[in-house]
Every structure is written in structure tokens, then in C-alpha cells.
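User: I'd like to learn how to read a two-chain model feature by feature. Could you walk me through this one?

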Amino acid sequence: MTLSTIKITDRDHQIAKLSAIAVALSLVEFFFPSPIPGVKPGIANIIILYTIFKFDLRMGIWVSIIRVFVTSIILGSFLSPTFFLSLSGALFSLFSLIIFKSLSPKYFSLISFSLIASLAHIIGQFIIVRLWIIPHNGIFYLLPIFILSAFIFGLVNALVTNKLLQLNPKK
Amino acid sequence: MIKKILQSIKIIKGGDWFIIILFCALITISTKFLWNLPEGQYLEIYKNNEILATYTLNQKITKIINGAIGETKIIIDHGKVRFSSAPCAKKYCIHQGWINKANQIIICIPNEISISILGGKKNYDSINY
């Protein structure tokens, strides 16, 4: 009989801690009223960006997916449209980051990555909304508002992340 | 304070500016294309504030209207309309060019001719019935 043991590495601990912070930020954001319905700053993404730049992209993907699942289970929206919206946004963002990973850090800082990911997030959500939730072309009327908010919050989140990284420099 | 702002701008690299400019262009283009006004369907021609005639925009036709000081030529061309000649001195009406959106108007004050585009279905009410 072979004995299989799961070895919990230091890395796993890091992922758990960062995911916990990301979930906490998502919950804070959920209870905070938004001036425009549907427009959210996405402050949990600060933690994901921080993870990607402090550690690596693989770890960022883990934190992002764990955050989506755990937040939806806590809020009771697991497998509901809200959950799939949040999941598709997260997956599109991560996918865009994987594609643009090779951009030279000499010319592109995390601001670029944040903006690309926030735009991909909106595109992913709009695809789900158009195909499944509201199959009507009228929703594209809202697209400029969401692109504008993606730009503003993508920029703000990137600047906050940058500050966090300055406070905790890479080892 | 100003020093801090300058410091935070310094971290934006060349490529970032490129992405930011692309993003701004995307916002402008999406606003322009997605927040387009509905296109008009009917044209109303007014002479001295009274409706002279109503035409559908879905045709190619040239109309000559007799105004207060002379003849005004109006061209309708499949969804858009313009003044092609007018007896007025400044020719503002001609320089306005083509119009095609609902609720757009061109007015020629000297000749007392104006045109306005109506959108979608033409609604009848107690005044124009």
C-alpha cells in the first residue's frame, strides 16, 4: 500500500493568505454602494496584480480563481449568473495577461497590464451578457460607460499596486 | 504634494503611454459608434414656419422650392439630405452639408425655407393630422 501525502509548501500558504485578502476586499466592495449599478472598482484585483508582480503569473491565476469561487460561495451566488459573470471576467483577464506576458518590462510597467486586464474583463463579461443573460444588441449602448470605468479603475488599481510593491520590494 | 504626483507619473513608461492613448481612442470610438443617434426616415420642408411638404428620405430626388427671395434646390439621396443651391448671400444652409440624423435641421433665413428630419415612425397628433 502506497501512502500518499499532500505536502503543503510555503507557496500554498502564500496563495491562501493572498486569496483571503482578495476575498475580504471583494466582500467590502460588495457591501459598498456603487454610484452606477454594475460599475465596480474591482479592488480585489489589486491583490491579484500584486501577486503576479511580487511572485509569478501562475500564483496570480490561483489567487484569482480561488477568489471568484470563495466570494460567490460566501455571498450565495455560486453557479448563478453573477458568478458566471465574475468568472468569465476573471478568466478573460487572466487569458489576456498570459497572451501579453511577453511584453518587455523595459517599456511596459504594471499599468499596461492592469489596463489590458481590465479591458479584457469587460469584454469577457459583455460576451456572457450578450450570449446568455440579455441576448439583445441594446446592451452595447452601455459599453462606453464600462470601458471608461475600466480605464479609470484599471489605472487607479495599478497605481495602488505600485505603491504596495514599493512598500514590500521583491526579495 | 506636487513632487509626489510627479513621482507617480514617472513610473508610467513609454509603452504605458501607448496603451493609455489606445484606451482613450477606444473610449472615443466606442462612444461615437455606439451612442449614435437614430437615422431619420422622413423629411419635412417648411416655408415661413408652415409645412410645405413631407417626403420619405428613402429615395433619390431633387426638389426645387420657391422661397421668399428665389428658388432653393434640395437634394434627397437615400437617407441624407442637403441644400444644393439657394439665393441667399451667405450660403450657410449649403455649407451645412448633408444631414441624416433624426431631429437635425437646416434653416435658410433669407429665403424662409427650412428642413427638418423626423426619426422612426411619423407620429400624427392633433396639429399635423
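Analyst: Happy to, and let's begin where the chains meet. This is a predicted model, and its contact draws 17 residues from chain A and 15 residues from chain B.

User: Which elements give two or more residues to the side of chain A that touches chain B?

Analyst: They are α5 (110-133) and α6 (143-167) of chain A. The largest share comes from α6(A), with 7 residues. By residue type, this side of chain A holds 14 nonpolar and 3 polar residues, and no charged ones.

User: And what does the predictor give the complex as ipTM and pTM?

Analyst: The ipTM is 0.83 and the pTM is 0.69. For chain B, the average pLDDT is 82, and 91% of its residues score at least 70. Within chain B, confidence is lowest in helix α1 (residues 2-10), with a mean of 72, and highest in β4(B), at 90.

User: Let's turn to the folds. How many helices and strands does each chain have?

Analyst: Chain A has 6 helices and 0 strands, in the order α-α-α-α-α-α from the N terminus. Chain B has 3 helices and 7 strands, and its pattern along the sequence is α-α-β-β-β-β-β-α-β-β.

User: What can I learn from burial and from sequence separation?

Analyst: Take them chain by chain. In chain A, 35% of the 171 residues count as buried; of its contacts between residues at least 6 apart in sequence, 73% join residues at least 24 apart. In chain B, buried residues make up 17% of the 129 residues, and 37% of the contacts with a separation of 6 or more are between residues 24 or more positions apart.

User: How do I go from burial to a core?

Analyst: The general idea is that in soluble globular proteins, nonpolar side chains tend to be buried together. Here the largest nonpolar core has 34 residues, and the members that touch the most others are A22(A), I47(A), I48(A), L49(A) and I116(A). Two or more residues each come from α1 (10-31), α2 (44-54), α3 (57-75), α4 (81-99), α5 and α6 of chain A, and from α2 (14-34) of chain B. The largest share, 8 residues, is from α5(A). There is also a second, separate core of 15 residues, with I65(B), I74(B), I106(B) and I113(B) among them.

User: Could we look at individual core residues? What is I47(A) in contact with, leaving aside its neighbours within four places in sequence?

Analyst: Its partners are L18(A), I21(A), A22(A), L25(A) and V63(A). For I48(A), with the same kind of neighbours left aside, the contacts are A22(A), G60(A), V63(A) and S64(A). I48(A) sits in helix α2 of chain A.

User: Why does I48(A) count as buried?

Analyst: The cut-off is 20 or more other C-beta atoms within 10 Å. I48(A) has 29 of them, so it is buried. One of its contacts is S64(A): the two are 16 residues apart in sequence, yet their C-alpha atoms are 6.2 Å apart.

User: S64(A) falls in α3(A), doesn't it? Which residues of α3(A) are buried?

Analyst: They are G60(A), I61(A), W62(A), V63(A), S64(A), R67(A), V68(A) and T71(A). The buried residues of this helix pack against α1, α2 and α4 of chain A. A length check is also useful: at 1.5 Å a residue, the 19 residues of α3(A) should span 27 Å, and the end C-alpha atoms are 27 Å apart, which agrees. After α3(A) comes G76(A), with a positive phi near 80°.

User: How should I read a positive phi elsewhere?

Analyst: As background, most residues other than glycine have a negative phi. In this model, L79(A) is not a glycine and has a positive phi of about 65°. L79(A) lies in the loop between α3 and α4 of chain A, and is exposed, with 10 other C-beta atoms within 10 Å.

User: Where does H78(B) lie?

Analyst: H78(B) is in the loop between β4 (71-77) and β5 (80-85) of chain B. Its phi is positive, about 45°, although it is not a glycine. H78(B) counts as exposed because it has 10 C-beta neighbours inside 10 Å, where the cut-off for exposed is 12 or fewer.

Conventions
Residues are numbered from 1 along each chain as its sequence is written. Chains are lettered from A and ligands numbered from 1 in the order in which they are written. Two residues are in contact if their C-beta atoms, placed from the backbone, lie within 7 Å. Helices (H or I, at least four residues) and strands (E, at least two) are DSSP runs, numbered from the N terminus. Ala, Val, Leu, Ile, Met, Phe, Trp, Tyr, Cys and Pro count as nonpolar, Asp, Glu, Lys and Arg as charged, and the others, Gly among them, as polar. A nonpolar core is a set of buried Ala, Val, Leu, Ile, Met, Phe, Trp, Tyr and Cys residues joined through C-beta atoms within 7 Å. The expected span of a helix is 1.5 Å times one less than its number of residues. pLDDT is the predictor's confidence in each residue, from 0 to 100.
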